[in-house]
Structures are given as structure tokens and as C-alpha cells.
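Colleague: I would like to learn how to read a fold from its coordinates. Where should we start?

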Amino acid sequence: MSGAYSDLKELVGLRFKARDLALFKHNRSRSLLAGTGISPFKGRGVDFEEVRAYQHGDDIRSIDWRVTARRSKPHTKVFREERERPVLILLDQSHSLFFGSRLNFKSVTAAEACSLLAWATLNHGDRIGGVVFNEESLSEIRPKRSKQTLMHLLKQASEHNQSLRAKSIPASLSSASGGYLAKALRHARRVSHPGSHIFVISDFAQHNEEALRHFSRLSRHCEMMAVHISDPMEAELPRPGRYDITNGVHRQTIETRAGKVRQNYRQQYEQHTSNLKEQFSSLKIPFIQLQTDLDTSAQLLEHFGSARSRQGARG
């Protein structure tokens with residue numbers, strides 16, 4: 001898959017590549033009804049399992065009084081410890097990602113990463129949900145361990161991706177629609193549960209102090225990972241020459257022959273990336289980078305490793 005847009009069929013097709021992705025390090029449970037992430041909560045658990053006859057030592061707070069009255073013998077409710085890890089993917093589909101110079105637009109690489117992580121999560125037996133957002137809107141999908149929920153997430157990713165148009169680019173990406181990353185993170189704080197695993201896929205063009213504050217608070221009770229999407233042309237100007245460029249609304253001519261200009265351009269990108277790494281490192285949030293000119297699944301596989309390799313190592 002490559003190009004300026006991704007569609008639902010292509011995102012669904014990535015499920016085969018996600019089979020090799022060893023997203024989490026925990027071993028797979030042997031139970032068909034259980035996930036693999038142990039709940040951080042202690043006590044009776046949250047999922048109802050069954051009603052059975054009361055036994056010595058059972059918690060009297062769990063007695064099912066209706067069944068007890070009907071059968072004239074004490075019965076108790078049994079709860080199963082929650083073992084399915086909630087995984088939330090925050091997917092940025094704003095216009096700052098509607099750009100690419102090689103294989104993919106950044107928005108496409110981001111959507112592909114979302115799909116691969118979502119399929120790998122479901123394959124692992126965990127609950128998958130997400131927040132897909134741009135400058136104007138935000139769509140939330142509550143985590144569930146179901147293919148329907150995953151398909152809903154991919155549909156939202158596809159629709160947001162397909163809605164990107166050059167003509168709809170805001171007049172100023174830096175001011176008019178600023179704060180949408182912070183808004184998505186604020187929403188994630190409201191809907192995420194302690195122990196959740198949160199992936200944030202973005203170019204972090206809108207990363208600011210408010211966004212950093214939300215990252216900090218989320219990282220206190222959730223496992224987080226920042227997935228940075230970038231294009232090679234953001235790091236290095238094209239070969240020396242004179243170029244006419246446009247964002248679909250405005251047209252401009254740039255000159256790339258001057259060595260000083262090329263050096264300043266490169267340094268600005270390196271400084272931005274270095275600041276991101278430093279800030280996330282201070283919060284102990286892993287930071288990985290995906291490039292648009294490389295296959296997305298191969299890059300994720302290189303970072304997370306192969307599930308087959310781990311199975312072979314255990315075998």
C-alpha cells in the first residue's frame with residue numbers, strides 16, 4: 001500500500017502482517033476467555049463469572065440474595081479477574097500529516113501503523129479502542145475485545161484519511177487550529193482506565209506545553225508510547241535547485257542551493273526531534289520513529305520484534 005490516501009480495504013489487509021508483530025512481551029494465556037494483561041486492581045475483579053453454592057471463606061458481600069431465596073440455600077456470585085488489557089490508539093489525521101515525498105503521505109503511514117497495532121492487539125487477546133482526530137473533529141471508539149470494534153476504529157481512520165483535501169487546509173496550521181493534539185490527550189484522560197496501554201501516533205507538530213502536561217498525567221497510570229511520523233524531506237531539503245511548491249492553496253518558490261539554508265533547515269528538524277525525545281524520555285515514555293519512505297510493517301517489526309522468533313526462542 002502506498003500513496004496519498006488509504007482506504008478501509010487496505011487497512012483490513014494489514015491483519016496478515018500484524019500476525020508477526022510481537023507487540024507485548026507477556027505470554028499468551030491458554031484460556032480462550034481471558035486476555036493477557038493482569039488488572040492493576042485488587043479484590044473481587046470486575047467480570048461476572050457464575051453463581052454457585054456458598055462455600056466457607058467466600059465474601060458475604062458477594063452473596064446472590066435472589067438465588068439464595070429461590071433455592072433456600074446460600075449462593076454467591078463469582079467474579080473473574082479482569083485480564084484483558086485495554087489498548088487505546090490516538091491517531092492524528094490532521095493536515096500537517098497530509099504530506100509525503102516518497103512512498104506514503106505521513107497520514108497514510110500513521111493510518112497503517114494504527115491498523116497494524118490494532119490487529120496485533122486483538123491477536124494478543126486484549127481490548128482495542130481509539131481516538132481518531134484532526135483539527136476540527138474527534139471520534140472515540142471504546143476499547144472492546146471484538147473484531148467489530150476494531151473495524152469501527154479502522155473505518156474512522158479511513159474516513160478521516162479520505163477527508164483530507166488540499167483545499168481544506170487551514171489558513172494557518174500553527175495558530176488557527178492549534179491545540180487539537182492536547183484536546184485529544186485531554187479526552188484520553190477522561191476515557192482511559194488505569195493500566196491501559198496508549199499509543200499516540202502523530203508528527204507532533206502541535207506538541208505544546210498543554211499536550212506535555214496531559215502526557216505527564218496519563219503516564220502516571222497508563223503505559224504510553226509515542227509514535228513519531230516523519231518524511232525524509234522534513235529532515236533534508238531536496239538537491240540544490242529552484243523549486244515551485246504549493247500546499248494546494250498557496251504557491252511559493254524556494255531556493256535550495258545555499259549551504260547555510262540547507263544547514264539551518266536540517267538543524268531545525270534535528271532540534272525539534274531532539275526536543276521530543278528529551279521530553280518523552282523525562283516522562284519515561286518510549287519514543288519510536290516511522291518514516292514514510294519505508295514499509296510501515298517492516299519498521300514496526302524491527303522495533304517490536306517477531307512473534308515467531310519469540311515463540312521459537314520459548315520452544
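Modeller: Start with what a contact is: heavy atoms within 4.5 Å. Bear in mind that this is a predicted model.

Colleague: Taking that definition, which residues does I89 touch, not counting residues up to four places away in sequence?

Modeller: I89 touches C114, L117, A118, I128, G129, G130, V131, L153, F199 and I201.

Colleague: How should I read such a cluster of contacts?

Modeller: In soluble globular proteins, nonpolar side chains tend to be buried together. Here the largest nonpolar core has 37 residues, and I89, L117, F199, I201, L300 and F304 are those with the most contacts inside it. The element that gives the most to this core is helix 4, residues 106–123, with ten residues. There is also a second, separate core of 24 residues, and V131, Y180, L218 and F287 are included in it.

Colleague: What share of the 315 residues counts as buried?

Modeller: The buried share is 45%. The accessible surface of the chain comes to about 17,100 Å², and carbon and sulfur atoms hold 49% of that.

Colleague: Now the secondary structure. How many helices and strands does the chain have?

Modeller: There are eleven helices and ten strands.

Colleague: And how do I read a sheet?

Modeller: Strands of a sheet pair through backbone hydrogen bonds, either parallel or antiparallel. In this model six strands form an open sheet in the order 5-4-3-6-7-10, and the pairing is mixed. Strand 5 (138–144) and strand 10 (287–291) are the edge strands, each pairing on one side only. From one strand to the next, the twist averages 15°.

Colleague: Which way do strand 3 and strand 6 run, and how many bridges join them?

Modeller: Strand 3 (residues 86–92) and strand 6 (residues 197–202) run parallel, joined by five bridges. Across this pair, L88 stands opposite I198 in strand 6.

Colleague: How much of the contact set links residues far apart in sequence?

Modeller: Of the contacts in the chain with a separation of 6 or more, 75% are between residues 24 or more positions apart.

Colleague: One more feature: cysteines. How many disulfides are there?

Modeller: A disulfide is a covalent bond between the sulfur atoms of two cysteines. With a cut-off of 2.5 Å between sulfur atoms, the count here is zero.

Colleague: Why do C114 and C222 count as buried?

Modeller: The cut-off is under 20% relative accessible area. C114 counts as buried because its relative accessibility is 0%, and C222 because its relative accessible area is 7%.

Methods. Residues are numbered from 1 along each chain as its sequence is written. This is a predicted model: local features need pLDDT of at least 70, side-chain atom pairs count only at pLDDT 80 or more; totals for chains, interfaces and linings use all residues. Side-chain values use heavy atoms; hydrogens and water are left out. Two strands pair if DSSP finds at least two bridges between them. Helices (H or I, at least four residues) and strands (E, at least two) are DSSP runs, numbered from the N terminus. Axes are lines fitted to C-alpha atoms, for helices over the stretch in contact, and angles run from 0 to 180 degrees between N-to-C directions. A nonpolar core is a set of buried Ala, Val, Leu, Ile, Met, Phe, Trp, Tyr and Cys residues joined through side-chain atoms within 4.5 Å. Buried means under 20% relative accessible area, exposed over 50%, partly exposed in between (1.4 Å probe, protein chains only). Accessible areas come from the Shrake-Rupley method with a 1.4 Å probe; for residues, only the protein chains shown count as cover.
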